[in-house]
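Work through the exercises below with the sequence and the structure at hand. Each task is followed by a solution in steps.

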Amino acid sequence: MTLSSTISVPFNDLSLQVTELRPEIDAAIARVLDRGHFILGPENEAFERAFADYLGVPVAVGVGNGTDALELALRALDIGAGDEVICPALTAAPTALAIIATSAWPVFADIHPVTFTLDPAKLEGCLSDKTRAIIPVHLYGLAADMPTILSFAEAHGLAVIEDVAQAHGAMIGERKTGTMARIACFSFYPTKNMGAYGDGGAVVTNDTDLGLRVRQLRDLGQIGRFQHALPGRNSRLDEMQAAILQVKLRHLEAHNALRRERAAWYAELLGDILDLQLPCVPQDWTHVYHLYVVRHPERDALRDHLRQREIGADVHYPKPLPQQPVFSECRVGKGGIPVAEKAVAEILSLPMYPQLTRQQVEFVADAVRNFS
Ligand SMILES: *Cc1c(COP(=O)(O)O)cnc(C)c1O
């Protein structure tokens, strides 16, 4: 048996990251336990400050998770029953579930065939007199086409809420995702580029009034102690996660750089395969490779081929959202979503995380090359 045939390459392995950061994480957790303050204390404040400073925005508000972040941002903008919110047909379900949670309707726009993000050319066909907002998703770690989306939104008087759950640190030029629209939502689910060791999320905004509303909504709608003025939620970032996230934030840029290095290895080893489309990055955009998604006409067979070799390969996502039962009554834009429908049959996510070794990437690339 050769050495390489004994390698296995899991889709992800968070224990490697825990091992790497263990002393810092242990210290952060101990600090919280020793203080004995577990909800809305100094760790949350320190994290909110550090994250806002990292992004270069005035306000970050820690919340319970990324789905709540989106729901609270929509509520802060007074979006709810009777309203429609446009989002892409290809994204994680929470983007659209958060819209449903406010009693507004998601309207699904088709995607761009190369970047897989919301295609601004399809926005016009999604409009109605009920349209209030657009939620572009920076999918897989690549920014959506924000300049075009923002000018469309401005022309039609719509709010824009960035879904940055998959793109902490991604950029267009020198501009970070999460700072382009008035309000943006992050998830710190453990597998995201910056993940907690439990649930967590944040809403960031350059509008301090809007930030204050989110702050009130996440904590029972209180505008002062025991003064419940808004129909709020209980959705707070706990002190343990806030302490852990301060550690994770310090490593975010280095981890993103390692992801980019691994993406460059894949490109070097797989770039010449005709049937395989690799991730495409517009000039001057910074991709942070939350996922490394390739496209192949025989996707199912390729996925099975890789899995037989103990290589974790997965599909994000197997259906466009309008095909999920919960969204069956929702509208899609004029002309439907043919690009998303074709994409879901051909996309495949290869293993991608900062701790992936060169040997593992070579093993995956060899297996892809041997497929025919
Ligand atoms: C993960 C994710 C969310 C939701 O985040 P949670 O913290 O799991 O609630 C929202 N949108 C997208 C695109 C995501 O990938």
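**Exercise 1. The ligand**

Find how far a polar side-chain atom of serine 187 lies from an oxygen atom of the ligand.

Solution. Step 1: the distance for serine 187 is 2.6 Å, which is a polar contact in the sense of a pair of N or O atoms within 3.5 Å. Step 2: a polar side-chain atom of threonine 67 lies 2.5 Å from an oxygen atom of the ligand, and for an N or O atom in the side chain of lysine 192 the distance to a ligand oxygen is 2.7 Å. Step 3: the protein covers 91% of the 380 Å² of accessible area that the ligand has on its own; such areas come from the Shrake-Rupley method with a 1.4 Å probe. Step 4: the ligand has 15 residues around it, and Gly66, Thr67, Gln166, Ser187 and Lys192 come nearest; a residue counts here if one of its heavy atoms lies within 4 Å.

Two notes on the basis: the model is predicted, local features need pLDDT of at least 70, side-chain atom pairs count only at pLDDT 80 or more, and totals for chains, interfaces and linings use all residues. Residues are numbered from 1 along each chain as its sequence is written, and side-chain values use heavy atoms, with hydrogens and water left out.

**Exercise 2. The sheet of eight strands**

State the strand order of the open sheet of eight strands, and explain why β1 and β14 each have one side without a neighbour.

Solution. Step 1: strands are DSSP runs of E with at least two residues, and helices are runs of H or I with at least four, numbered from the N terminus. Step 2: two strands pair if DSSP finds at least two bridges between them. Step 3: the order is β1-β9-β8-β5-β4-β2-β3-β14, with mixed pairing. Step 4: β1 (59-63) and β14 (331-332) are at the edges with a single partner strand each, so one side of each lacks a neighbour in the sheet. Step 5: inside the sheet, β5 (residues 159-163) and β8 (residues 183-187) are parallel and share three bridges; aspartate 163 has cysteine 185 in β8 as its bridge partner.

**Exercise 3. Helices on the sheet**

Which strands does helix α4 touch?

Solution. Step 1: contact means heavy atoms within 4.5 Å. Step 2: helix α4 (residues 93-101) touches β2, β3 (105-109) and β5, and its direction makes about 150° with that of β3. Step 3: such angles run from 0 to 180 degrees between N-to-C directions, with axes fitted to C-alpha atoms, for helices over the stretch in contact.

**Exercise 4. Backbone exceptions**

Where is the cis peptide bond, and which residue that is not a glycine has a positive phi?

Solution. Step 1: most residues other than glycine have a negative phi, and most peptide bonds are trans. Step 2: histidine 316 and tyrosine 317 are joined by a cis peptide bond with omega of about 15°; tyrosine 317 lies in the loop between α8 (299-308) and β14. Step 3: aspartate 78 has a positive phi of about 65°, and its place is in the loop between α3 and β2.

Methods:
Polar contact = N/O pair within 3.5 Å; in protein donor to acceptor, adjacent residues only side chain to side chain.
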